[in-house]
2 protein chains.
Amino acid sequence: MRNAEATRERILEAAMAEFSAFGIQGARVDRIAENAGINKNMIYIYFKNKQTLFNTILQKQLTRVYKEIDFTPEDLPGFAVRVFDFAVNNPELMRLLAWSNIEQHAEGLSERDDAHSMKVISITEAQNSGLIGKAFPPSFILTTIMTLATSWTIANPFGLAFDSASLNNVQALRDGIAKAVGLIVYAGIEA
Amino acid sequence: MRNAEATRERILEAAMAEFSAFGIQGARVDRIAENAGINKNMIYIYFKNKQTLFNTILQKQLTRVYKEIDFTPEDLPGFAVRVFDFAVNNPELMRLLAWSNIEQHAEGLSERDDAHSMKVISITEAQNSGLIGKAFPPSFILTTIMTLATSWTIANPFGLAFDSASLNNVQALRDGIAKAVGLIVYAGIEA
DNA sequence: TTGTATTAACTAACCAGTCAGTTAGTTCTG
DNA sequence: CAGAACTAACTGACTGGTTAGTTAATACAA
């Protein structure tokens, strides 16, 4: 079986699981090779080194995030719920983000910054057109939404165990998040 | 200079910096010894191993957190601001928490769980006595406050760079957090 | 048969933990 | 109070195992 593309794909798949579980430092290249069912050297042929492999995966996953979650400034509670669902359904990805944050070797995150700036601008416009309230600055609103929506993932600084029981009723959390975000973004309107 | 207590303290200090920067896996015992200005073997005399050293530090820091931040169910916006100030002023500690979460070797966190349960009970009582609103479940309120208050630290899943500019005006963030928490906990009262 | 995919064996560096031994300080004894 | 006996603090050198990355040789497909 000789198939360059398939081999590359299997490396990426195994590496995603490995990096998500152990981070960059903790990931073992031998283990990735074994789980991918390929020889370790293939990793060094398809990717420069461990760090590059990680960067490739992070890039790919981030692109996926921005593609799969629609940003709707006119419906921020709905957006928050979408982020929440995505985060709860993709714990591997959340862990990858956490690792890239704390191990601080991340590169090429300009895409992330761009996506952030665009959202802040959209929120500003929504405020000016009266779609949402002006009680809070746009960047504050965005940060609040993103952290609120990911509170029940590995991102919670006090541990997921902190409030894991709530995950037994995902719909209740969805409702709570939508309501809380609504209070914040519609503060000052129709009140 | 022979002083067991001082030596132990210097190890803990250097280890805190090391673990905060590199985590458990990434921490280097040799580096801790060098920065503490002691012989590496002393670490193994005073502490069983690297993991035990980490656990000791985590325990100590968590105790400090619970001691230094008063929980006031009758003034949750104030509590949130206190958590925010503490988090912003103790980035090392926030990193330590993040490492202990993601590297999942943490032990002896019953103290943390107890502190959490107590707060949930207090919030429930506050709701029943009409001090705060019943729009959200107690555990939801607590989780929301904790993550909101730590959104501008390493805990932010999308990176601190996500909204680092806001940290230039800490007072504005404090006000925003207090206001947002107020909207959530007083929803349904005096409205 | 030519070049690409793949492999096994190897290397150099690193690192947690150990160990045999030394030095500083304290207690006991005559 | 001298100095021997003892204890606690500390040191430097080492080891066994691990790991990222390399190299040289082999299998295969066109």
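A salt bridge is a side-chain nitrogen of Lys or Arg within 4 Å of a carboxyl oxygen of Asp or Glu. Keep that in mind as we look at this predicted model.

Q: Why is the meeting of the side chains of Lys40(A) and Asp30(A) called a salt bridge?
A: The N to O distance is 3.7 Å, and the cut-off is 4 Å. The pair joins a Lys to an Asp, so Lys40(A) and Asp30(A) fit the definition. In general, side chains of opposite charge can pair when their charged atoms come close.

Q: What makes this a link between distant parts of the chain?
A: Lys40(A) sits in helix H3 (residues 40–46) of chain A, while Asp30(A) sits in helix H2 (residues 29–36), and the two are 10 residues apart.

Q: How many salt bridges does the structure hold over all chains, and how many are counted between chain A and chain B?
A: Over all chains there are 10, but between chain A and chain B the count is zero.

Q: How do you know that chain A and chain B touch, and what is the count of residue pairs in polar contact?
A: Contact means heavy atoms within 4.5 Å, and by that rule 44 residues of chain A are in contact with 44 residues of chain B. There are 16 residue pairs in polar contact between the chains, with both residues at pLDDT 80 or more.

Q: Which helix of chain A gives the most to the side that touches chain B?
A: That is H8(A), with eight residues. The residues on this side of chain A divide into 23 nonpolar, 15 polar and six charged.

Q: What is the area buried between the two chains, and which residues of chain A lose the most?
A: About 4,000 Å² is buried, and carbon and sulfur atoms give 70% of it. In chain A, Ile102(A), Phe158(A) and Phe162(A) lose the most area to chain B, together 18% of what that side buries.

Q: What makes the contact of H5(B) with H8(B) nonpolar?
A: Among the residues of H5(B) in this contact are Leu76(B), Phe79(B) and Val83(B), and H8(B) brings others, including Ile141(B) and Met146(B). Leu, Phe, Val, Ile and Met count as nonpolar, and the full division is 10 nonpolar, no polar and no charged. The axes of these two helices come within 8 Å and cross at roughly 40°, in a right-handed crossing.

Q: Why is chain A written as α-α-α-α-α-α-α-α-α?
A: Chain A has nine helices and zero strands, so every element in the pattern is an α.

Note on methods: Residues are numbered from 1 along each chain as its sequence is written. Chains are lettered from A and ligands numbered from 1 in the order in which they are written. Side-chain values use heavy atoms; hydrogens and water are left out. Buried area is the accessible area (1.4 Å probe) that two parts lose on being put together, summed over both. A polar contact is a pair of N or O atoms within 3.5 Å; within protein, one must be able to donate a hydrogen and the other to accept it, and residues adjacent in sequence count only if both atoms are side-chain atoms. Helices (H or I, at least four residues) and strands (E, at least two) are DSSP runs, numbered from the N terminus. Axes are lines fitted to C-alpha atoms, for helices over the stretch in contact, and angles run from 0 to 180 degrees between N-to-C directions. A crossing is left-handed if the near helix is turned anticlockwise from the far one by less than a right angle, and right-handed if clockwise.
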